[in-house]
Amino acid sequence: MADGDFSLLEAARAEAWSTSLDEIDVSLAERFRDDTIWPFFERLRQEDPVHFTAHSRFGPYWSITRYHDIMQVDSNASVFSSASGTGIGDGEATFPLPMFIAMDPPTHDAQRKVVSPIVAPGALASMEPLIRARAGRILDDLPIGETFDWVDRVSIELTTQMLATLFDFPFEERRKLTHWSDVALTGLHDEGARQEMRECAATFRRLWDARANAAPAGDLISMLAHGEATRDMPPEEFLGNIILLMVGGNDTTRNSISGGLLALNQHPEQYEKLRADPALVASMVPEIIRWQTPVAHMRRTALSDIEFQGKSIRKGQKVVMWYVSGNRDETAIDRPERFIIDRERPRQHLSFGFGIHRCVGNRLAEMQLRVVWEEILARFPVIEVAGEPVRAKSCLVREISRLPARIPYRL
């Protein structure tokens, strides 16, 4: 950590512990951009783990900050509904689209079931050689002894190639998927962004029509076009699900690939441990996903009044599960503030959510991370972070936008 970052964190710690509890608002995106949110969550976990914020730019909301409390909320869809939206507010006011992550059973279950075969164990096994070959080509094209942007050259490129395959999207136009995903997450605050989404909708509508008029195939668009629960979706619901699958298949994995390189450089003793025993990639991958927590939160809406951990949550109120805090909960995870690549229970984390909305592509994300690190270790003794990361200003996705990196030499 640079001296400036350390000073920012110390200032944030002083602010977190001197601010009145009822004035703490952990949704401030600036703190996620500056990576100074941690002491605010630490205080809430210790003193007010089910915390009400009366005033924020998203309106009033409850924060659930401990691991086991988050699991309870996430697994109780009968009381804590997804149907009113799943983010605290980013983008929702300007771009409300139906998608199955923002639905309750039985509609959610039926639509999720349509796309789940693409990430079944057999499908993943058949994808692995392709992912490995692509990862190898991407890594072999990296410059030696020069600084480059790891996010653009590796994280985005690998995940976007995979996303193009899942959609059977024109491969030479694959970067459009990354761009549309970023636009959707940022929110449609101007006409330019809205026009981008209209182009996205028109492109996928053409692909939908072509797949609907052809025999069923194994790509996501064909699955949606032929699925009993999805083939009659209205256009806005189709676009909503496409955006969901783009974001889920792109942003989360790409930010874990970036976050993993950053974490190993911030914890050089763990990098040495990995080089000494490359088999530790298997346990390192879920530790990276815990440490990065690519999706910082998900929101539910209370369907009725409920007493929860001594607090009275009222019908209609927002309830935000801060996965990023639950993944640092010292009452549930051993030494959560440390990045440890050989944890005994590395999959004990909340980064994929819990319950019926648990990430449908979690095993695909893990496989991509495992393969890319296996290929890295076969080529490079070390990859150095050569400058400070640039993080997005968002309390929803913990995005690393740029990460300068340098490879001193090949094996």
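What radius of gyration does the protein have, and what would a compact globule with 411 residues have? The protein has 21 Å, which agrees with the value near 22 Å for a compact globule of 411 residues; the radius is taken over C-alpha atoms, and the globule rule is 2.2 Å times the number of residues to the power 0.38.

**Before you start**

This is a predicted model, in which local features need pLDDT of at least 70 and side-chain atom pairs count only at pLDDT 80 or more, while totals for chains, interfaces and linings use all residues. Residues are numbered from 1 along each chain as its sequence is written, and side-chain values use heavy atoms, with hydrogens and water left out.

**The whole chain**

Begin with everything selected: the C-alpha trace spans about 55 × 55 × 40 Å along its principal axes. The protein holds 15 helices and twelve strands, where helices (H or I, at least four residues) and strands (E, at least two) are DSSP runs numbered from the N terminus. Of the 411 residues, 57% count as buried, which means under 20% relative accessible area, with exposed set at over 50% and partly exposed in between (1.4 Å probe, protein chains only). Among contacts (heavy atoms within 4.5 Å) between residues at least 6 apart in sequence, 70% join residues at least 24 apart.

If you colour by pLDDT, the predictor's confidence in each residue from 0 to 100, the mean for the protein is 89, and 92% of its residues reach 70 or more. Over residues 90-95 the pLDDT is below 50, and this stretch has 18 contacts in the model beyond near neighbours in sequence.

**The five-stranded sheet**

Next, select the open sheet of five strands, whose order is β1-β2-β8-β5-β3 with mixed pairing. Strands β1 (50-53) and β3 (80-81) stand at its edges, each with a single partner strand, so one side of each is left without a neighbour in the sheet. Two strands are said to pair if DSSP finds at least two bridges between them.

From the β1 edge, follow the antiparallel pairing of β1 and β2 over four bridges, where H51 has S63 in β2 as its bridge partner. Moving on, β2 (residues 61-64) runs parallel to β8 and is joined to it by three bridges, and here W62 stands opposite V319 in β8. On the following step, β5 (residues 297-302) pairs with β8 in the antiparallel sense over five bridges, with H297 opposite W322.

Now keep β8 alone in view. Five of the five residues of this strand (residues 318-322) are buried, so β8 is largely enclosed by the rest of the structure. Its side chains alternate in direction: K318, V320 and W322 point one way, whereas V319 and M321 point the other way.

**Salt bridges**

How many salt bridges does a search of the whole structure find? The search finds 36, a salt bridge being a side-chain nitrogen of Lys or Arg within 4 Å of a carboxyl oxygen of Asp or Glu.

Select E30 and K393 first, whose side chains meet in a salt bridge at 3.4 Å, N to O. E30 lies in helix α2 (residues 29-33) and K393 in the loop between β10 (390-391) and β11 (400-402), so the pair ties together parts that are 363 residues apart in sequence. E30 is partly exposed, with a relative accessible area of 33%.

Then select D35 and R391, where the closest N and O atoms are 3.5 Å apart. D35 lies in the loop between α2 and α3 (38-47) and R391 in strand β10, so this pair ties together parts that are 356 residues apart in sequence. Both count as buried, D35 at 18% relative accessibility and R391 at 16%.

A third pair to select is E157 and R174, which meet at 2.7 Å, N to O. E157 lies in helix α7 (residues 150-167) and R174 in the loop between α7 and α8 (175-186), so the parts they tie together are 17 residues apart in sequence; E157 and R174 are buried.

To see a network of salt bridges, select E128, R132, D140, R370, E374, E375, R379 and R410 together.

**Last stop: L185**

Finally, select L185 in helix α8, which counts as partly exposed at 22% relative accessibility. Leaving aside its neighbours within four places in sequence, L185 is in contact with V247, D251, L396 and V397. L185 and L396 are 211 residues apart in sequence, yet 8.7 Å apart in space, C-alpha to C-alpha.
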